[in-house]
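Here is a walk through one protein model, from the inside out. Keep the structure open while you read.

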Amino acid sequence: MRLLVTGVTGYIGGRLVPELLDAGHEVRVLARHPERLADRTWVDRVEVVAGDAVDWTETRNLITDDPETVRRALDGMDVAYYLLHSLMAGEGFEELERRIARTFAATAREAGVGRIVYVGALLPDMPVEAMSEHFRSRAEVSQIFHSGGVPTIELRAAVIIGSGSVSFEMVRYLTERLPVMVTPNWVRTRTQPIAIRDVLYYLVRVADLPGTINRT
């Protein structure tokens, strides 16, 4: 199949591309900074579309939809992997997340994409309005895709662990320097980590599931 992968300069996207290639798929990637892919061993095996899902102003405070870039990336694709996240954009990231997801979902429908694969967050069991900004945003993006007209498979993960991941390196760094420490009560909150190898296994295989599936 022909697959689009977004977020390829990120931890998951960069590792997903070679797995999809090894599975026999044709891969196109959407990259805001294609030059950052120069040292990737797989870059000569993929089609690179340079661009972003939105247009930024010089102030980076105002954004406009950029469906033309998204359309170039999605044209002719069977499956699109949505691995974009705007948490690091700071204040206003929730609106940015909504804008990008709506543009992507609408353009994918118009381009005739058969499936969107979205990696969301493992959400807490509470009303959406009671969630943190991060979880609320992940839930809203989920709703946008599932109601956007393109069948969407959403995989929800808590902490993704693997060498080089932010979560793994942060814990490793902390334990090397503070083998014993006094912690606040919130450290007792349980989480459900998953290995990056398992995440990649699922992401590769959902491409082959029946095309009518539209759920988490």
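Start in the interior of this predicted model. Its largest nonpolar core holds 30 residues. Val5, Leu16, Val17, Val29 and Tyr81 make the most contacts inside that core. Which elements each supply at least two of the core residues? Two are helices, H1 (11-22) and H6 (196-206). The others are strands: E1 (2-5), E2 (26-31), E6 (79-82), E7 (115-121) and E8 (152-157). H6 gives the largest share, six residues.

Val5 shows how the pieces meet. Leaving out residues up to four places away in sequence, Val5 touches Gly13, Leu16, Val17 and Leu20. Val5 also touches Val27, Arg28, Val29 and Leu30, and further along the chain Tyr81 and Leu83.

A second core lies apart from the largest one. This other core has 23 residues, including Val49, Leu74, Phe104 and Ile144. In soluble globular proteins, nonpolar side chains tend to be buried together.

Now step back to the whole chain. The protein has six helices and 10 strands. Of its 216 residues, 40% count as buried. Take the contacts with a separation of 6 or more: residues 24 or more positions apart account for 70% of them.

What about overall dimensions? The C-alpha trace spans about 55 × 40 × 40 Å along its principal axes. A compact globule of 216 residues would have a radius of gyration near 17 Å, so the 18 Å of this protein agrees.

Finish at the surface and the charges. The protein exposes about 12300 Å², and carbon and sulfur atoms supply 53% of that area. There are 25 positive and 29 negative charges, and their mean positions are 5 Å apart.

Key:
Residues numbered from 1 in each chain as written. Predicted model: local features only at pLDDT ≥ 70, side-chain atom pairs only at ≥ 80, totals over all residues. Heavy atoms only, no water. Helix = DSSP H or I, 4+ residues; strand = E, 2+ residues; numbered from the N terminus. Rg over C-alpha atoms; globule rule 2.2 N^0.38 Å. Buried < 20%, exposed > 50% of the residue type's maximum accessible area, 1.4 Å probe, protein only. Contact = heavy atoms within 4.5 Å. Areas by Shrake-Rupley, 256 points an atom, 1.4 Å probe, with all protein chains shown as cover. Lys, Arg positive; Asp, Glu negative; His and termini not counted. Charge placed at Lys NZ, Arg CZ, Asp CG, Glu CD. Core = buried A, V, L, I, M, F, W, Y, C linked by side-chain atoms within 4.5 Å.
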